[in-house]
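Student: I should like to understand how the pockets of this protein are assigned and described. Could the reasoning be set out step by step?

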Amino acid sequence: RALRRRELFRIATSDLVGRLQLADVGAALTQLTAAVVEGGLAIATRAIEEQRGSPLPTRLLVVAMGSLGAGEPGYGSDADVLFVHDPLEGADETDAQEAATAVVAELRRILAEPGPDPALTLDADLRPEGRNGPVVRSLDSYAAYYERWSLVWEAQALLRATPLAGDPELAQRFVALIDPLRWPAQGLSEADVREVRRMKARIESERLPRGADPRRHLKLGRGGLADVEWCLQLLALCHAHDVPGLRQQATVPGLRAARDAQLLDPDDFDVLAHAWTFVARLRNATVLWRGRSVDSLPPAIRDLDGVARILGYHAGEAVVMDDDYRAATRRARAAAERVLYG
């Protein structure tokens, strides 16, 4: 965690002086998180093996989800993950589950406990059954669940799933399991497309914080990050079986593949790609200016001016930046509605 603190400082400084582009920042933060989780997993495994007095009876894998899985986390992004284990040959399955659960609990504890260095919280809420399901499952349990119960929102979440740390062979097997789910051979049925649209509307009405201005919320607001990402995710669910370029996690390259396959109007691509890039940079700049995770554009003119300076605007151009944000998100909202609702 001390190494992570120093590397966060190096990344942020390089960003502020213009040495890193947005994609570079996302890649650096992803690599840093992977290294910390890999190291933490080794420490947690050793601790549990010492408690048990024997080697672990199972292999472990941490899978990145959300923006981390896409290689696009910002300074204030959550670390969404799944935990997978696979019992060794001849191991008792109950014992393997208990050992894997203990390692995951220790990993999450040592990364998130209070201390002088920044905590790293591993959020497993995107797992099967959400908060009601076990934090860690065996590969066979994942396979059985997805075969019987998988819903379209889970396939959508798996679009950005990427192995982060742990056993490489288990990583390959997990990817082979989920690929047919996230890139269905026949695309989505009309009923599933309607469900995606219903979920999007529900998230807009229920997940936006109370009192938040939907015109200024950087992730869930109109024309914000979620609007653009849902466009790509719907296109990938429907067409990735025929368009290999959609079988990737990154947002702008995925949108570009949809444009090149004539699934996305070139003008809509320009609007969506510009808005996503602008808002993602704006979100990072807001965290750098405020020193904490922030989801909405700050209302105070002093804060807006500080954020604008980080983005390269001149002193006193906070209003110009605000106007640019409003224009970009207004156009992105209109393009997103065309893509999502036809």
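The dialogue below concerns two pockets in a predicted model.

Student: What is the volume of the largest pocket, and what makes a residue part of its lining?

Tutor: The volume of the largest pocket is about 1600 Å³. A lining residue has an atom within 4 Å of a point of the pocket. The largest pocket is lined by 50 residues, and those closest to its centre are Asp80, Leu126, Arg160, Arg207 and Lys219.

Student: Which helix gives the most to the lining of the largest pocket?

Tutor: That helix is α8, with 6 residues. Among the elements that supply at least two residues each are α2 (22-52), α8 (190-206) and α11 (266-290).

Student: How many residues of each class are in the lining of the largest pocket, and why is Asp80 counted as charged?

Tutor: The lining has 19 nonpolar, 14 polar and 17 charged residues. Asp counts as charged, as do Lys and Arg; therefore Asp80, Arg160, Arg207 and Lys219 belong to the charged class, whereas Leu126 is nonpolar.

Student: What is the volume of the second largest pocket, and which residues are closest to its centre?

Tutor: The second largest pocket has a volume of about 460 Å³. It is lined by 20 residues, with Arg4, Tyr75, Ser77, Ala119 and Leu120 closest to the centre. Two or more lining residues come from each of α1 (2-16) and α2, and α1 gives the most, with 5 residues.

Student: Why is Tyr75 called nonpolar in this lining?

Tutor: Tyr is listed with the nonpolar residues, so Tyr75 is counted there. By class, the lining of the second largest pocket has 12 nonpolar, 4 polar and 4 charged residues.

Methods
Residues are numbered from 1 along each chain as its sequence is written. This is a predicted model: local features need pLDDT of at least 70, side-chain atom pairs count only at pLDDT 80 or more; totals for chains, interfaces and linings use all residues. Side-chain values use heavy atoms; hydrogens and water are left out. On a 1 Å grid over the protein atoms alone, a cavity is a set of points where a 1.4 Å probe fits but cannot get out, and a pocket is an open set with protein on both sides within 12 Å along at least five of seven lines; lining residues have an atom within 4 Å of a point. Grid points are joined across faces, edges and corners, and a volume is the space filled by probe spheres set on the points. Helices (H or I, at least four residues) and strands (E, at least two) are DSSP runs, numbered from the N terminus.
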